[in-house]
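Okay, thanks everyone, I'll keep this short. Let me put the structure up and then we can walk through it together.

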Amino acid sequence: MKPNKIVSSRWMEGSGPEAETVISSRVRIARNIRGIPFPYLASDAQTKHVQELVSRAAASQEEAFGQFTFLPVESLPPLEKELLVEKHLSSPFLARESQHGALLLRCDEAVSIMINEEDHLRIQVILPGLQLEEALQEADGYDDRLEGEIDYAFDESYGYLTACPTNVGTGLRASVMLHLPALIMTGQANRLLGALSQVGLAVRGLYGEGTEIIGNLVQISNQVTLGQTEKEIIRNLGGVTRQVIEQEQASRQVLLNENRARLADRSWRALGLLKYAQIMSSQEAMQLLSDVRLGFDLGMLKGVDRRLLNEMLVTIRPACLQIAAGRELNPQERDLERPERLKTLLEEFKESV
Amino acid sequence: MLCQECQQENATIHITKIINGRKTELHLCRRCARAHDELDFSFEPQFSLHNLLGSLLGESMRGSREALGTAKVQCPSCALTFAQFSQIGRLGCSDCFTAFDEQLTPLLRRIHGSSRHTGKVPRRNEGAVRSARELEKFREELRLKVQKEEFEEAAGLRDRIKALEKEMEEGGSSEAK
């Protein structure tokens with residue numbers, strides 16, 4: 001049977017503050033269990049033990065974890081694992097290389113707790129729009145719950161101890177996923193984003209470390225985890241994000257004033273291609289989705305909404321296409337399947353409104 | 001120059017070995033060089049974060065007399081040596097932080113601009129951390145008072161510090177029981 005729709009994650013809602021530029025806000029905190037080596041040095045029995053400790057801690061707190069599903073990575077078919085990565089619910093490492101890796105996933109897919117990643121525990125929260133404080137608060141709550149059952153590795157001067165020194169202290173990595181078409185089109189992005197590294201922030205593409213910027217999607221995250229409080233880290237990132245949003249909005253206005261007709265044409269053409277093209281690479285699809293999104297955000301184009309655009313971003317990924325097709329597809333076959341799926345989603349949307 | 005082993009490819013890797021004053025030279029192409037097991041380094045560029053960290057550490061150690069000794073420092077719990085840590089850039093367990101404390105503090109300063117956690121504390125550590133942070137604050141105040149030659153207040157602070165230190169010692173030992 002073909003599943004007609006991938007289950008939507010909370011971050012895809014397209015709602016939340018600043019949804020015109022901020023797709024999602026993500027927070028993850030790294031924790032380890034005292035007395036057990038970090039996962040990459042731990043024995044098979046030890047990582048298994050970690051998995052049991054965490055699943056037991058969650059099971060004993062029905063009210064907090066009742067909405068969670070426990071997913072041992074080994075039990076999942078390969079495509080399901082990749083789908084979790086494409087939806088940003090699992091790291092590539094957890095899905096592909098971890099030993100006794102597992103995921104505690106909340107049913108709205110806003111919270112995923114990764115077990116036996118680089119650290120024993122990584123509590124991750126992804127919310128739509130600019131909601132860093134809210135995401136931190138959620139993560140913090142689950143951290144408190146788990147800490148009641150699990151003795152964390154903590155040092156009075158170094159804070160929470162992690163396998164990689166770049167995570168020590170708060171163990172907190174916060175990031176925002178931004179859509180910055182106007183800054184990129186007007187050639188201002190490099191200068192602006194380059195300046196971010198000077199204030200301790202990192203800039204990446206959609207799928208994390210080492211990925212290039214495609215579809216005008218840019219991820220900004222904190223680098224420093226030690227010597228600042230969680231709130232300070234979040235406040236810094238939020239403050240800088242607001243400035244980037246302002247610049248993006250100003251550039252959109254300039255584009256709109258100078259090239260309104262061209263912009264509208266570009267968005268409608270993109271939508272036309274999404275509807276009628278027969279062969280499409282993922283890179284082309286991402287650029288077209290960006291063009292359509294900009295047109296929608298500027299009020300020039302109808303027939304889509306942000307949730308649909310976010311779902312399409314995931315739909316065009318390899319695992320998602322193969323799950324939808326119900327069989328394995330090579331890259332050429334995927335380029336044929338991709339426009340089919342996009343068409344279906346656009347038609348379903350049209351019927352639903 | 002052709003590779004001295006296969007005599008076909010250009011030699012792009014040149015190695016000079018000096019062992020007990022005897023100098024030997026090797027001129028190899030990439031493929032032949034890779035086959036040499038004793039050349040203990042990879043020719044594939046690997047710019048992962050962890051390697052980068054390792055080199056950050058390596059740089060600070062180079063030229064230091066203690067470097068050799070430090071490389072051998074070993075974590076008593078997980079047996080990771082400092083040399084291994086500088087290579088993989090990841091620690092093995094929570095006790096590594098104590099074992100490599102001396103080298104880690106400067107590294108963390110370089111990465112984060114600080115080596116002291118000021119954020120969240122697990123509930124079971126709260127008491128100890130609050131005291132430690134207070135102690136640090138008192139010590140800084142004491143330093144300032146002494147600088148300003150306000151000795152009376154300094155004496156008061158010194159007594160509070162002593163009391164707090166004693167309290168922490170007792171608290172610490174009772175926790176260990």
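Let me start with a quick one: does A:Gln287 count as buried, exposed or partly exposed? Keep in mind that this is a predicted model. The answer is partly exposed, because A:Gln287 has 17 C-beta neighbours inside 10 Å, and a residue needs 20 or more to be called buried. A:Gln287 sits in helix 9 of chain A, which covers residues 282–297. If you go from there to A:Ala270, you cross 17 residues in sequence, and the C-alpha to C-alpha distance is 8.5 Å.

Okay, zooming out to chain A as a whole. We've got 12 helices and 10 strands in there. The radius of gyration is 21 Å, close to the 20 Å from the globule rule for 353 residues, so chain A is as compact as a globular protein of that length. If you like boxes, the C-alpha atoms fill one of roughly 65 × 50 × 35 Å along the principal axes. As for burial, 52% of the 353 residues of chain A count as buried. And on contact order, for the contact-map people: take the contacts in chain A between residues at least 6 apart in sequence, and 69% of them join residues at least 24 apart.

Now the sheet. It's an open one in chain A with 8 strands, in the order 2-3-4-5-1-8-10-9, and the pairing is antiparallel. At the edges you find strand 2, residues 68–72, and strand 9, residues 201–204, each of them pairing on one side only. Neighbouring strands are turned against each other by 20° on average, ignoring direction. There's also a helix packed on this sheet: helix 7 of chain A, residues 189–197, touches strand 9 and strand 10, and its direction makes about 140° with that of strand 9.

Let's stay with strand 8 for a minute. How many of the residues of strand 8 of chain A are buried? It's 8 of the 8, so strand 8 is largely enclosed by the rest of the structure. Look at the two faces: A:Leu172, A:Ala174, A:Val176 and A:Leu178 are buried on one side, and A:Arg173, A:Ser175, A:Met177 and A:His179 are buried on the other. So what does strand 8 pair with? On one hand there's strand 1 of chain A, residues 22–31, joined to strand 8 by 7 antiparallel bridges. In that pairing A:Val27 stands opposite A:Ala174. Then there's strand 10, residues 217–222, joined to strand 8 by 5 bridges, and again the two run antiparallel. Over there A:Met177 stands opposite A:Gln219, and A:His179 stands opposite A:Leu217.

Hang on to A:Val27, since it comes back in the nonpolar core. As background, nonpolar side chains in soluble globular proteins tend to be buried together. Here the largest nonpolar core has 94 residues, and the ones touching the most other members are A:Val27 and B:Cys96. Helix 5 of chain A, residues 132–147, gives the most to this core, with 6 residues. Apart from that core lies another one, of 18 residues, and A:Ala270, the residue from my opening, is among them.

What is B:Cys96 in contact with, leaving aside neighbours within four places in sequence? That would be B:Cys75, B:Cys78, B:Leu80, B:Phe85 and B:Leu91.

On to where the chains meet. The contact takes 30 residues from chain B and 30 residues from chain A. On the chain B side, helix 2 (49–61), helix 6 (101–112) and helix 7 (126–147) each supply at least two residues. Helix 6 of chain B has the largest share there, 5 residues. By class, that side of chain B comes out at 15 nonpolar, 11 polar and 4 charged residues.

Last bit, backbone angles. A:Asn116 has a positive phi of about 60° and isn't a glycine. You'll find A:Asn116 in the loop between strand 4 and strand 5 of chain A, and it counts as buried, with 27 C-beta neighbours inside 10 Å. B:Ala79 is another non-glycine with a positive phi, near 70°. That residue is in the loop between helix 3 and helix 4 of chain B, and with 12 C-beta neighbours inside 10 Å B:Ala79 counts as exposed.

Okay, that's me done.

Conventions. Residues are numbered from 1 along each chain as its sequence is written. Chains are lettered from A and ligands numbered from 1 in the order in which they are written. This is a predicted model: local features need pLDDT of at least 70, side-chain atom pairs count only at pLDDT 80 or more; totals for chains, interfaces and linings use all residues. Two residues are in contact if their C-beta atoms, placed from the backbone, lie within 7 Å. Helices (H or I, at least four residues) and strands (E, at least two) are DSSP runs, numbered from the N terminus. Ala, Val, Leu, Ile, Met, Phe, Trp, Tyr, Cys and Pro count as nonpolar, Asp, Glu, Lys and Arg as charged, and the others, Gly among them, as polar. A nonpolar core is a set of buried Ala, Val, Leu, Ile, Met, Phe, Trp, Tyr and Cys residues joined through C-beta atoms within 7 Å. The radius of gyration is taken over C-alpha atoms; the globule rule is 2.2 Å times the number of residues to the power 0.38. Two strands pair if DSSP finds at least two bridges between them. Axes are lines fitted to C-alpha atoms, for helices over the stretch in contact, and angles run from 0 to 180 degrees between N-to-C directions.
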